[in-house]
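Hi,

Here's the structure I promised to send over. Have a look, and my notes follow underneath.

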Amino acid sequence: MKIAVLGGGNGSFAAAGDFALSGHEVRLWRRDAEQVEAHRAAGSRILVKDHNGQHDVKLARVTTDIAEAVSDAELILCPAPAFAQPDIARLLAPHLQDGQVVFLPPATFGSMIFAQAARDIGNRAKASFSETGTLPWLTRKHGPFEVAITIRAKRLPVGVFPLDRAPQALEVIGRAFPDVIEPCGDALSGALMNAGCIIHPPLIVMNAGPIEHFERWDIHKEGTQAAIRRVTDALDAERIAVREALGYGAPHFPLVHHYAKKGEIWMYGRGSHDRLTDSGDWREQIVLTEHRYMREDLRFGLSLLVSVAGLAGVATPIAKAFLAIGGAICGEDFAQGGRTLETLGLGKLHKAELQTLLREGF
């Protein structure tokens, strides 16, 4: 199938390389013209490294022209951070066509930003917008055109906007991710599966000392201790309580299953935490005031959780505490702005009105 991948980070390169490895026609779009030119000069190739060795794959196209990238693509995948979504959505909006599926893994309810961008410019194409709970790959770039994939997702809960178009959207996504996709309802349900805003805030805030002391620190290895895990479980309980209050059913993909040796399989499958830490790729430098763990997962992810919890009537003291402490670390007020129902233009909707919008679209 024809797939457009938007962005130039770890997730985008893993997606482009892995899809090409599976035989799909892949177009990679990014804004950095210098990097695009260098990539073309290198043959538009990506070296994919995984447990089966090294695979040199060629992309159909590498371009700075988003219209060229997405033309006639069945699937448009954008794993860019949440804070980059508004700009990319505005660039993409004029070029969406009937039947195209925009897939954001994950998105912090970014599916609404992409849908609103198309609506705002008057593009009435019958496209679908979807999101899931995690990036489908545990991955890091090892060079400008080289990416290591440590784990591929085993289960991806996917929500779709509008929900009425879910059958077609899930069929398209399923062809890119065979035997992995699990429908979880509407786009807000998909947003409330986001694991990043649960796992990363405790790990960076409660490890702030060693993160700033050591040149490199693995928050998933030395940084994942019993006390921190208990806080993570408490934060995850708030997320699940919000899902239940809004009527979303199980499975809720509790993060505890990511660490468990037995029981229900989580998104990345059994043993993924050990493979992640054994790889060494997550022993890295984290600048707390700049890193996406703070700017995307904590600020955007938890501000959304707290906002939706208000609509659902659920208390979220742990999420609010991390927003307050994260803001203090950055010298900002994270309670202001962020990503909320209000900043998404949905703050005046009652629960039933929001659910109708999620089902039927604009």
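How far apart do the end C-alpha atoms of residues 2-101 lie? In this predicted model the answer is 11 Å, and the span is 34% helix and 29% strand. I picked that stretch since the UniProt record, an unreviewed entry, annotates residues 2-101 as "domain: Glycerol-3-phosphate dehydrogenase NAD-dependent N-terminal".

Next, a sheet. It's an open one of 4 strands, in the order 4-3-10-9, with mixed pairing. Strand 4 (53-58) and strand 9 (137-143) are at the edges with a single partner strand each, so one side of each has no neighbour in the sheet. On average, neighbouring strands here are turned by 25° against each other, direction ignored. Helix 1 (residues 10-21) packs on this sheet and touches strands 3, 4, 9 and 10, its direction making about 100° with that of strand 9. Strand 3 (residues 45-50) pairs with strand 4 in the antiparallel sense over 6 bridges, and Lys49 stands opposite Gln54 in strand 4.

On to charges: there are 21 salt bridges in the structure. Arg155 takes part in one with Glu182 (2.6 Å, N to O). Glu182 lies in strand 12 and Arg155 in the loop between strands 10 and 11, so this pair ties together parts 27 residues apart in sequence. Arg155 is buried, at 15% relative accessible area, while Glu182 is partly exposed at 23%. Arg155 also forms a salt bridge with Glu264, with the closest N and O atoms 3.2 Å apart; that pair ties together parts 109 residues apart in sequence.

Cheers

Technical notes: Residues are numbered from 1 along each chain as its sequence is written. This is a predicted model: local features need pLDDT of at least 70, side-chain atom pairs count only at pLDDT 80 or more; totals for chains, interfaces and linings use all residues. Side-chain values use heavy atoms; hydrogens and water are left out. Two strands pair if DSSP finds at least two bridges between them. Helices (H or I, at least four residues) and strands (E, at least two) are DSSP runs, numbered from the N terminus. Axes are lines fitted to C-alpha atoms, for helices over the stretch in contact, and angles run from 0 to 180 degrees between N-to-C directions. Contact means heavy atoms within 4.5 Å. UniProt positions are given in the numbering used here, feature names are shortened, and annotations may be inferred rather than shown by experiment. A salt bridge is a side-chain nitrogen of Lys or Arg within 4 Å of a carboxyl oxygen of Asp or Glu. Buried means under 20% relative accessible area, exposed over 50%, partly exposed in between (1.4 Å probe, protein chains only).
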